[in-house]
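Got the model open in your viewer? Let's walk through it one selection at a time.

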Protein chains: 2
Amino acid sequence: MAATIVATHERATAAERILRAAGVLFRERGYHGSSMRTLARALRMEAASLYYHFRSKQEILFAILDRTLDDLLAGVGRAVASADGPEARLRAAVRFHVLFHTDSQHEAFLSHSELRSLTQANLRLVLTRRDEYERVFRGLLASGVRAGVFQVADVRLTAMAVLTMCTGVATWFAEGGRLSPEAIADRYVEMIMKSVKR
Amino acid sequence: MAATIVATHERATAAERILRAAGVLFRERGYHGSSMRTLARALRMEAASLYYHFRSKQEILFAILDRTLDDLLAGVGRAVASADGPEARLRAAVRFHVLFHTDSQHEAFLSHSELRSLTQANLRLVLTRRDEYERVFRGLLASGVRAGVFQVADVRLTAMAVLTMCTGVATWFAEGGRLSPEAIADRYVEMIMKSVKR
DNA sequence: GTCTATAACTAGATAGAC
DNA sequence: GTCTATCTAGTTATAGAC
């Protein structure tokens, strides 16, 4: 299922190496700002060779976002299943979300900044699953409210606030910076729990 | 000073109309995904005519971001000056920040998503002033902590969390949607105050 | 599976008429 | 102040050799 997680190291297939390099490049310069030639150069190959692995640049973008959503949905599912009760479940989900945005920083950033560069058909596929992901957080908040442990004025709005706050980590996180991913996740969890608890 | 605020209606100069249209276009398709020809078409003119008003496409992008930062800095200054005490000041600043991101949605969105498309020199100019803006929020949090009304584990991190959460509004806000800008601002203020209060 | 060569097109920007 | 026409360079993608 989550076999879509790409090995970070040695022995990656050519397709995987291309997706990884494209993730970095698209994040740095944007989809339209990145040419197939530039991508090829980063991989020490010619642009034409990319077309043996992917039919188009669009297919590369879609593959990145599609995998990212696989990983997000599988990861949040595992996180929620690992905990009991609304509070522990929300903690686990937020923790996963933040850590995903530090670990898969480039791909996570693209999965919201380059939605506009998808074709209509591909966008529809991605948005359907992103809605599914957001629904998980709305569900966690709603069940905490029902259980009387959370107090939020608007579940939908709070879910968006929580998600965009954590998603923002991908925009400013720097590896080797002042705070480790774990420290950031811990503090984000505390800020959010303090805000939603009854 | 904040005479940089562009009139939304009638009698806008050609340069202002171009900046406004470019804001929408760049937001929808990205800077590199938008051509001068497309921008010209939206304004019912020819691409060459744009060069009478701006020297390059880059100059248009920079002008948008530069004005946006003028407006952000002037606006947050007014907001903070209008209130007394750390709590009321943070409320006012957050409220302004959210409303700015619904009112100037396109430009606000660009001012973080298209930083990567600026030349190095222009980026430096924009980042200097964005840091200044962020410093306002860090200052408000820090003075609340000193006054004993706020309790936050990490002022820097909390400032980033607050700002990216509110900035995120520009990514999903839809005019005429379920919630008015004022309702969103009010609820964001409450969520944030609950999270930072001692 | 990667290459060279190239087709077909679009980009930003300028010259100069009106 | 806006136009038509055009230059130069870069774009995605394909054909076909190796």
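**First stop: DNA strand D**

Select B:Ser49: an N or O atom of its side chain sits 2.6 Å from a phosphate oxygen of DNA strand D. That pair is a polar contact, meaning N or O atoms within 3.5 Å; within protein, one must be able to donate a hydrogen and the other to accept it, and residues adjacent in sequence count only if both atoms are side-chain atoms. Before going on, a word on what you're looking at: this is a predicted model, in which local features need pLDDT of at least 70 and side-chain atom pairs count only at pLDDT 80 or more, while totals for chains, interfaces and linings use all residues. Residues are numbered from 1 along each chain as its sequence is written, chains are lettered from A and ligands numbered from 1 in the order in which they are written, and side-chain values use heavy atoms, leaving out hydrogens and water.

Now move over to chain A. A polar backbone atom of A:Met36 is 3.0 Å from a phosphate oxygen of DNA strand D, and a backbone polar atom of A:Ser34 is 3.4 Å from a phosphate oxygen of that strand.

Widen the selection to everything around DNA strand D and you get 15 residues, with A:Arg37, A:Lys57, B:Glu46, B:Ser49 and B:His53 the closest. Here, near means having a heavy atom within 4 Å. Of the strand D atoms that come within 4 Å of the protein, 55% belong to sugar and phosphate. Colour the nearby residues by type and you'll see six nonpolar, five polar and four charged. (Ala, Val, Leu, Ile, Met, Phe, Trp, Tyr, Cys and Pro count as nonpolar, Asp, Glu, Lys and Arg as charged, and the others, Gly among them, as polar.)

Which element gives the most to this surface near DNA strand D? It's α3(B), with four residues. Helices here are DSSP runs of H or I with at least four residues, numbered from the N terminus.

**Next: DNA strand C**

Select A:Ser49, where a side-chain N or O atom is 2.6 Å from a phosphate oxygen of DNA strand C. Then jump to B:Lys57, whose side chain puts an N or O atom 2.6 Å from a phosphate oxygen of DNA strand C. For a base contact, go to B:Arg37: one of its polar side-chain atoms lies 3.0 Å from a base nitrogen of DNA strand C.

Around DNA strand C there are 14 residues. α3(A) gives the largest share of that surface, four residues.

**Last stop: where the chains meet**

Hide the DNA and show chains A and B. Each chain brings 34 residues to the contact, counted by heavy atoms within 4.5 Å. Together the chains bury about 2600 Å², 58% of it on carbon and sulfur atoms; buried area is the accessible area (1.4 Å probe) lost on putting two parts together, summed over both. On the chain A side, pick A:Arg116, A:Leu157 and A:Lys194, which lose the most area to chain B, together 27% of what that side buries.

How many salt bridges link chain A and chain B? Six, each a side-chain nitrogen of Lys or Arg within 4 Å of a carboxyl oxygen of Asp or Glu. One to zoom in on joins B:Arg178 and A:Asp154 at 3.0 Å, N to O.

Finally, try superposing chain A on chain B: a rotation of 180° with 0.0 Å of shift along its axis does it, RMSD 0.0 Å, using least squares on C-alpha atoms of residues with pLDDT of at least 70 in both. So the two copies are related as by a two-fold rotation axis.

Definitions and conventions
Helices (H or I, at least four residues) and strands (E, at least two) are DSSP runs, numbered from the N terminus.
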